[in-house]
Amino acid sequence: MGKTLVDGIRGGMTNTFDVYDSGGNVLVKQGGTLKDSVIPGLKKAGIFFVYTDGGEDLIHSVYRQKTVSELLKIMRCFILSGGEDAGILKKYGEDDIKRFLSAANETGNRIAYGHIFRFFASEMADSLNENEKQVYDFMDYRNRDNYNGYHAVNTACIAGVMAHNLGLNDAEKADAITGVLLCDVKMNIYKFVNENRELTGPEKDEMRQHAVLGFDLTRKIYGIPARAALITAQHHERNDGSGYPKGLKGSGINHLSAIAGIADVYDAMTSPRPYRAAFTPHEAWLYITSNSGKIFEKEAADEFGRCVPAFFPGDTVELNGGETAEVTQNSYGHPLQPSIKLIEKTGKSAIISCTDSGKKILRTTGTIRQKEL
Ligand SMILES: [Fe+2]
């Protein structure tokens, strides 16, 4: 499989993962044949690439795309209303409600947002349990205009993988995922955040209130455990005391919050923002791993360095011998040494492993997300 730019879609390609818009609606189904006619709809949704069959890249998506797309729908409703609109609850029937309640061992019919988040977080924890150690190198379909929902879901995906690989139990994994989903719920009230400029000092101070306001909301949601709500309060605290709102240090920050903070920084850095371009995965990876034990909790940052790779399948990279290669597959614990395919003028090249061949990647020269900009 490989990543194909929307303009590069040619009749007959097979779609490898469900493609969904920011409202969680599936635009092209997994396994479906891509036709030219889908291009306008994808462009309208701001989607600039799809994963297609035929290439040699192997992506670790880890979670079921159906779960992710349904969660996006809920996040959109939740975030747009600052957590105040329960309208999304109306679309669920009796069977759904029973499923949601069962994830929190609840009986009766008192369904709340908390149960829905808990249900999806448990589903995600189940997906994680299908393998012992996981690598996460799936790139979602976000664009500049639908950042908040995708950011919440993708950050939760990364935090879940980190929690799983750190050996946390199912309840801890589900709490980490739930907390991350909710941590920026109040961000939508700061309209200046999406303006095409850097924030002023007073605006930054105001925006930093989202952690406190979010905590005030999430701790009151029926069905949300206290430890998950705490992530909302602490996801911007930093190991060295440089974070906010309280400037907590080291063990004063809950382990799940420390995991959440790293996943949040990584996903934000690798997204284009109105005031800057996206950093490459390699740049964000170096920032986090080089600050292990400093800005970021050592245990969590070191695990991040093992399970989130520095290079993504489909990226083109420059090697130490001056050659150009395409990244094809990552493996757990070898974030800087993926399998690669040398791009040679003859057109013939075998897939080789960086570890076995002694090849070293110097830098990313092209990612599909950069091509969008
Ligand atoms: Fe935040």
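# A walk from strand S3 to the nonpolar core

Valine 26 is found in strand S3, which covers residues 26–28. The model is a predicted one, and valine 26 serves here as a starting point. With 15 other C-beta atoms within 10 Å, valine 26 is partly exposed, because a residue counts as buried at 20 or more such atoms and as exposed at 12 or fewer. Setting aside residues up to four places away in sequence, valine 26 touches Asp18, Tyr20 and Ser69.

A long step along the chain leads to asparagine 188. Valine 26 and asparagine 188 are 162 residues apart along the chain, and their C-alpha atoms are separated by 24 Å. Asparagine 188 has its place in the loop between H6 and helix H7 (201–207). Asparagine 188 is also partly exposed, with 17 other C-beta atoms within 10 Å. Its contacts, not counting residues up to four places away in sequence, are Ile79, Leu80, Gly82 and Asn148. Between asparagine 188 and glutamate 56 the C-alpha separation is 40 Å, for 132 residues along the chain.

Two backbone details in loops come next. Valine 62 lies in the loop between strand S4 (49–52) and helix H2 (65–80). Valine 62 is not a glycine, yet has a positive phi of about 65°. With 22 other C-beta atoms within 10 Å, valine 62 is buried. The second detail is a cis peptide bond that joins tyrosine 244 and proline 245, with omega about 5°. Proline 245 is found in the loop between H9 and H10.

That loop leads into helix H10, which runs over residues 255–269. How far apart should the ends of its 15 residues be at 1.5 Å a residue? The expected span is 21 Å, and the end C-alpha atoms are 22 Å apart, which agrees. Twelve of the 15 residues of H10 are buried, so the helix is largely enclosed by the rest of the structure. The buried residues are Leu256, Ser257, Ala258, Ile259, Ala260, Gly261, Ile262, Ala263, Asp264, Val265, Tyr266 and Asp267. They pack against H5, helix H6 (170–182), helix H9 (226–234), helix H11 (281–290) and helix H12 (298–307).

Two isoleucines of H10 show what some of this packing consists of. Isoleucine 259 is found in H10 and counts as buried, with 32 C-beta neighbours inside 10 Å. Leaving aside neighbours within four places in sequence, isoleucine 259 is in contact with Ala159, Met162, Ala163, Ala176 and Ala300. Isoleucine 259 and alanine 176 are 83 residues apart along the chain, while their C-alpha atoms are separated by 7.9 Å. Isoleucine 262, with the same kind of sequence neighbours left out, touches Ile288, Phe296, Ala300, Ala301 and Phe304.

Helix H11 is one of the partners of H10. The axes of H10 and H11 come within 9 Å and cross at roughly 150°. Angles over 145 degrees count as roughly antiparallel, and H10 and H11 are therefore roughly antiparallel to each other. Their crossing is right-handed. Ile262, Val265, Tyr266 and Met269 of H10 make the contact with Ala284, Tyr287 and Ile288 of H11. In H12, the buried residues are Ala300, Ala301, Glu303, Phe304, Gly305 and Cys307. What covers them includes H5, H10 and H11.

A second helix pair is formed by H5 and H6. Their axes come within 8 Å and cross at roughly 160°. That makes H5 roughly antiparallel to H6. H5 passes H6 in a right-handed crossing. On the H5 side the contact involves Ala152, Thr155, Ala156, Ala159, Gly160, Ala163 and His164, and on the H6 side Glu172, Lys173, Ala176, Ile177, Val180 and Leu181.

The largest nonpolar core brings several of these residues together. In soluble globular proteins, nonpolar side chains tend to be buried together. Here the largest nonpolar core holds 95 residues, and the members that touch the most others are Ala159, Met162, Ile177, Val180, Ile259 and Ile262. Which helix gives the most to this core? Helix H5 (residues 147–165) does, with eleven residues.

Technical notes:
Residues are numbered from 1 along each chain as its sequence is written. This is a predicted model: local features need pLDDT of at least 70, side-chain atom pairs count only at pLDDT 80 or more; totals for chains, interfaces and linings use all residues. A nonpolar core is a set of buried Ala, Val, Leu, Ile, Met, Phe, Trp, Tyr and Cys residues joined through C-beta atoms within 7 Å. Helices (H or I, at least four residues) and strands (E, at least two) are DSSP runs, numbered from the N terminus. Two residues are in contact if their C-beta atoms, placed from the backbone, lie within 7 Å. The expected span of a helix is 1.5 Å times one less than its number of residues. Axes are lines fitted to C-alpha atoms, for helices over the stretch in contact, and angles run from 0 to 180 degrees between N-to-C directions. Angles under 35 degrees count as roughly parallel, over 145 as roughly antiparallel, 65 to 115 as roughly perpendicular and the rest as oblique. A crossing is left-handed if the near helix is turned anticlockwise from the far one by less than a right angle, and right-handed if clockwise.
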